[in-house]
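Biologist: I would like to learn how to read a protein model. Could you take me through it feature by feature?

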Amino acid sequence: ELEPLATSSEYLIGAWKSACLVPDENSDYAEQHYFVFYPNRTATHTRETFYKKTCTVSDLTLVDNYNYTIPTAGQINFTNLSTGQTFYDTYQVQTDSLTFGHGFRNTLPYPTTTGTSESDRLSTLNQYIVYSKELRYQ
C-alpha cells in the first residue's frame, strides 16, 4: 500500500539500504547504496563499489552529505554540503521501500530530464536502485 507523500520528511527519516546490484551475469562489478535521513533535514548517501559479483568487502566507498528539502509531495532537493550544488529529484515511499529518480538504471530507461534545476527535475523513478528501510529514527 502506498503511504501518503507529504512535504514532511517523516516517511524518509531512518536508514535505507539497496540490494547488492550486479548489472549483468558477465559483470565483475557490483555496488550497494545506503541512505540515512536525519530529522534535522540532513542526509548521508554511501555507495560501496565491489570489483567482483558480490557485495562482501568494499573496494571503494564514496560518501556524500546533503541538506534536503521537500518542496512538494514526491519532490526532493539535495544540496551537497561539500560542493554546494543542488540536484532536483523525485522520490516515492511505498511501505518500507524508497525510490528516487537519480542513479544508475542498468537497462531501464532514463528520463529526459537531468535534475539540474527545478524546471529540469528528474521526472521518473529509478526502479533499479530500490532502498529498503533498515532502521527508523525517532
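Modeller: Let us begin with salt bridges. A salt bridge is a side-chain nitrogen of Lys or Arg within 4 Å of a carboxyl oxygen of Asp or Glu. Keep in mind that this model is predicted.

Biologist: How many salt bridges does the structure hold?

Modeller: Two. One joins Lys-52 to Asp-59, with the closest N and O atoms 3.0 Å apart. The other joins Glu-118 to Arg-121, and there the closest N and O atoms are 2.7 Å apart.

Biologist: Now the surroundings of these residues. Is Arg-121 buried or exposed?

Modeller: Use the cut-offs. Buried means under 20% relative accessible area, exposed means over 50%, and partly exposed is in between. Arg-121 has 7% relative accessibility, so it counts as buried. Its partner Glu-118 is at 44%, so Glu-118 counts as partly exposed.

Biologist: And what about the other pair?

Modeller: Lys-52 has 25% relative accessibility, so it is partly exposed. Asp-59 is partly exposed because its relative accessible area is 39%.

Biologist: Next, pockets. What is the general idea?

Modeller: Rolling a probe the size of a water molecule over the atoms shows where empty space is left. In this model, about 260 Å³ of space lies in the largest pocket. Its lining has 16 residues, and the closest to its centre are His-33, His-45, Arg-47, His-102 and Gly-103.

Biologist: Which strands each supply at least two residues of that lining?

Modeller: Strands β2, β3 and β4 do; β4 covers 60-69. By type, the lining of the largest pocket divides into eight nonpolar residues, five polar and three charged.

Biologist: Let me try a residue in a strand. Where is the place of Thr-46?

Modeller: Thr-46 is in strand β3. Its relative accessibility is 16%, so Thr-46 counts as buried.

Biologist: Which residues is Thr-46 in contact with, leaving aside neighbours within four places in sequence?

Modeller: For contacts, look for heavy atoms within 4.5 Å. With those neighbours left aside, Thr-46 is in contact with Gln-32, His-33, Tyr-34, Thr-61, Leu-62 and Val-63. You have met one of them already: His-33 is among the residues closest to the centre of the largest pocket.

Biologist: May I see another strand residue?

Modeller: Take Thr-99, in strand β7. It is buried, because its relative accessibility is 5%. Not counting residues up to four places away in sequence, Thr-99 touches Thr-90, Tyr-91, Gln-92, Leu-125, Asn-126, Gln-127, Ile-129 and Val-130.

Biologist: Gln-92 is on that list. In which strand is its place?

Modeller: Gln-92 is in strand β6, residues 86-94. At 22% relative accessibility, Gln-92 counts as partly exposed. Now set it against Cys-55. These two are 37 residues apart in sequence, and their C-alpha atoms are 25 Å apart in space.

Biologist: So sequence and space are separate readings. Is there a further case?

Modeller: Try Gly-14, in strand β1, residues 14-18. Its relative accessibility is 0%, so Gly-14 counts as buried. From Gly-14 to Ser-82 is 68 residues in sequence and 22 Å in space, C-alpha to C-alpha.

Biologist: Now for the loops. Where does Asn-40 lie?

Modeller: Asn-40 is in the loop between β2 (30-37) and β3 (42-50). Is it buried or exposed? Its relative accessibility is 54%, so Asn-40 counts as exposed. Its side chain makes a polar contact with the side chain of Thr-42, at 2.6 Å. The C-alpha atoms of Asn-40 and Ser-123 are separated by 26 Å, and the two residues are 83 apart along the chain.

Biologist: Last topic: backbone angles. What should I look for?

Modeller: Most residues other than glycine have a negative phi. Look for exceptions. Arg-41 is not a glycine, although its phi is positive, about 65°. Its place is in the loop between β2 and β3. At 29% relative accessibility, Arg-41 counts as partly exposed.

Biologist: What is the phi of Asn-106?

Modeller: Positive, about 55°, although Asn-106 is not a glycine. Asn-106 has its place in the loop between β7 (97-100) and β8 (131-135). Its relative accessibility is 23%, so Asn-106 counts as partly exposed.

Terms used: Residues are numbered from 1 along each chain as its sequence is written. This is a predicted model: local features need pLDDT of at least 70, side-chain atom pairs count only at pLDDT 80 or more; totals for chains, interfaces and linings use all residues. Side-chain values use heavy atoms; hydrogens and water are left out. Helices (H or I, at least four residues) and strands (E, at least two) are DSSP runs, numbered from the N terminus. Buried means under 20% relative accessible area, exposed over 50%, partly exposed in between (1.4 Å probe, protein chains only). A polar contact is a pair of N or O atoms within 3.5 Å; within protein, one must be able to donate a hydrogen and the other to accept it, and residues adjacent in sequence count only if both atoms are side-chain atoms. On a 1 Å grid over the protein atoms alone, a cavity is a set of points where a 1.4 Å probe fits but cannot get out, and a pocket is an open set with protein on both sides within 12 Å along at least five of seven lines; lining residues have an atom within 4 Å of a point. Grid points are joined across faces, edges and corners, and a volume is the space filled by probe spheres set on the points. Ala, Val, Leu, Ile, Met, Phe, Trp, Tyr, Cys and Pro count as nonpolar, Asp, Glu, Lys and Arg as charged, and the others, Gly among them, as polar.
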